[in-house]
Amino acid sequence: MNNNNHSEPKTETIAETDNFQAWLAEEPDGETTYYLQVGRATINFFQEEWDQFLELVRDVDGIKPDDEQLYRLEFDNVDVWLDEEDWIEFKNLAREISK
């Protein structure tokens, strides 16, 4: 018999495209954790970090590619590089998130 008394987090999709997704999880301890899946990378955020990410999302059109025409998203422990096609898809996700 399994007497596991902790409950699973309640999740809700915030926005998604064909290859990217943002969702939140309401944890049993009352904290909300946010997740951003960009291709194979999944990045998790606590509320303060998510708020900072939302600031980036509001300015997404101002981000320019590097000399190799790649777009870079920088997070605490991971950098994500996107080509033009993926960048357009990410911007669509960003617009949906910022609604």
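The following questions and answers concern the core, helix α1 and aromatic pairs of a predicted model. Local features need pLDDT of at least 70 and side-chain atom pairs count only at pLDDT 80 or more, while totals for chains, interfaces and linings use all residues. Residues are numbered from 1 along each chain as its sequence is written, and side-chain values use heavy atoms, with hydrogens and water left out.

Q: Which element supplies the largest share of the largest nonpolar core?
A: A nonpolar core is a set of buried Ala, Val, Leu, Ile, Met, Phe, Trp, Tyr and Cys residues joined through side-chain atoms within 4.5 Å; buried means under 20% relative accessible area, exposed over 50%, and partly exposed in between (1.4 Å probe, protein chains only). The largest such core has 25 residues, and Leu 36, Phe 53, Leu 82 and Phe 90 have the most contacts inside it. Elements that each supply at least two of its residues include β3 (32-38), α1 (47-58) and α2 (84-97); helices (H or I, at least four residues) and strands (E, at least two) are DSSP runs, numbered from the N terminus. The largest share, five residues, comes from α2.

Q: How wide an arc do the buried residues of α1 cover around the axis?
A: Trp 50, Phe 53, Leu 54 and Val 57 are the buried residues in α1. They lie on the same side of α1, because their arc, taken from the directions from the helix axis to the C-beta atoms, is only 105°.

Q: Which exposed residues does the face of α1 turned away from its buried side carry?
A: The buried residues of α1 pack against β1 (10-16), β2, β3, β4 and α2. The face turned away from them carries Glu 48 and Glu 55.

Q: Is the pair of Phe 20 and Phe 90 stacked, tilted or edge-to-face?
A: Rings of Phe, Tyr and Trp (its six-membered ring) pair if their centres lie within 6.5 Å; planes under 30 degrees apart count as stacked, over 60 as edge-to-face and the rest as tilted. Phe 20 is in strand β2 and Phe 90 in helix α2, 70 residues apart. Their ring centres are 6.5 Å apart and their planes at 65°, so the pair is edge-to-face.

Q: Which residues does Lys 91 contact, leaving aside neighbours within four places in sequence?
A: Lys 91 is found in helix α2. Its relative accessible area is 19%, so Lys 91 is buried. With contact meaning heavy atoms within 4.5 Å, its partners are Val 60 and Asp 61.
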